[in-house]
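Trainee: I have a structure open and want to go through it piece by piece. Can you put it up on your side too?
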Amino acid sequence: MNNFLVLKKIETIDEAMILRNIRNQCREFMTRDTSYISEEQQKRWFVNIKPDYKIFLLYSVELGLISSPIGYGLIRDEGDFSLISGGLVESERGKGYGSILFNYLIKNVTNKNIKLEVLKSNTRAFVIYNNLGFRVVNDDGELITMEYNYDSPI
Ligand SMILES: CC(C)(COP(=O)(O)OP(=O)(O)OC[C@H]1O[C@@H](n2cnc3c(N)ncnc32)[C@H](O)[C@@H]1OP(=O)(O)O)[C@@H](O)C(=O)NCCC(=O)NCCS
């Protein structure tokens with residue numbers, strides 16, 4: 001890979017709209033709400049966003065030039081733990097960027113107890129979480145909950 005990826009915190013409504021677009025491309029893989037998010041809903045969500053959320057866009061940089069956003073990441077502080085999630089635009093999947101995205105999210109959490117949820121059918125996501133050191137703490141047959149294991153070598 002001769003390029004690298006950067007994660008940038010979302011600050012503007014335009015960036016929140018880009019997140020909406022990427023998240024809508026990922027919605028079939030979402031574990032809680034798979035509905036399509038309208039512009040209006042996204043605006044409302046963004047202006048009312050609570051401080052327990054950290055939201056990011058992922059860009060690739062090649063020869064000093066920044067790409068259009070290729071993914072997004074969310075960190076939500078749930079009190080006892082941080083819940084992380086994210087996804088890539090369709091055209092950038094299958095290139096190894098997912099594990100870089102989630103590794104960056106792990107580095108950006110403040111609450112060090114990290115959890116995530118993944119559909120059992122989402123093998124690609126499960127493989128990267130497992131490789132990054134997440135371990136299964138619950139499996140109901142459809143939905144798997146995983147927790148970050150700090151004893152992992154990564
Ligand atoms: C999930 C996602 C982030 C993964 O990122 P990615 O860059 O596309 O992942 P990769 O294609 O590099 O694959 C990750 C791993 O899964 C493996 N893999 C891919 N398809 C596989 C399959 N069908 N069976 C087994 N392993 C598979 C790859 O070999 C790779 O493993 P490796 O790193 O050990 O080689 C990305 O595909 C995505 O955004 N998907 C839609 C949204 C989503 O699912 N978000 C997560 C919600 S929990």
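Trainee: Which residue in S4 does Ile 55 stand opposite?

Mentor: Ile 55 stands opposite Leu 74 in S4. The two strands involved are S2 (residues 53-62) and S4 (residues 71-77), which run antiparallel and are joined by six bridges. Strands here are DSSP runs of E with at least two residues, helices are runs of H or I with at least four, and both are numbered from the N terminus. Two strands pair if DSSP finds at least two bridges between them.

Trainee: Before I go on, what kind of model is this?

Mentor: It is a predicted model, where local features need pLDDT of at least 70 and side-chain atom pairs count only at pLDDT 80 or more, while totals for chains, interfaces and linings use all residues. Residues are numbered from 1 along each chain as its sequence is written.

Trainee: Back to S4. How many bridges does S4 share with S5?

Mentor: Seven, and S4 pairs with S5 (residues 82-88) in the antiparallel sense. Gly 73 has Gly 86 in S5 as its bridge partner. The hairpin of S4 and S5 has four residues between the strands, and Gly 79 there takes a positive phi near 95 degrees.

Trainee: Now the ligand. How many residues surround it, and which are the closest?

Mentor: There are 20 around the ligand, and the closest are Phe 29, Gly 87, Arg 93, Gly 98 and Val 127. A residue is near the ligand if its C-beta atom, placed from the backbone, lies within 6 Å of it.

Trainee: Which element gives the largest share of that shell?

Mentor: H4, with six residues. S5, H3 (97-108) and H4 each supply at least two residues of the shell.

Trainee: And how does the shell split by class?

Mentor: Eight nonpolar, nine polar and three charged. Ala, Val, Leu, Ile, Met, Phe, Trp, Tyr, Cys and Pro count as nonpolar, Asp, Glu, Lys and Arg as charged, and the others, Gly among them, as polar.

Trainee: Let's stay on H4. Which of its residues are buried?

Mentor: Ala 125, Tyr 129 and Leu 132 are buried in H4. Down the axis of H4, these buried residues fall within an arc of 65 degrees, so they line one face of the helix. The arc is that of the directions from the helix axis to the C-beta atoms. A residue is buried with 20 or more other C-beta atoms within 10 Å of its own, exposed with 12 or fewer, and partly exposed in between, with C-beta atoms placed from the backbone.

Trainee: What do the buried residues of H4 pack against?

Mentor: H3, S6 (114-119), S7 (134-139) and S8 (143-148). A contact has the two C-beta atoms, placed from the backbone, within 7 Å.

Trainee: Which exposed residues are on the face turned away?

Mentor: Thr 123, Arg 124 and Val 127 are on the face of H4 turned away from its buried side. After H4 comes Gly 133, with a positive phi near 110 degrees.

Trainee: Why does Asn 131 count as partly exposed?

Mentor: Asn 131 counts as partly exposed because it has 13 C-beta neighbours inside 10 Å. Asn 131 lies in H4 (residues 123-132).

Trainee: Different spot: where is Ser 35?

Mentor: Ser 35 is in the loop between H1 (13-25) and H2 (39-47). Ser 35 counts as exposed because it has 9 C-beta neighbours inside 10 Å.

Trainee: Last one. How many helices and strands are there in the protein?

Mentor: Four helices and eight strands. Of the 154 residues, 22% count as buried.
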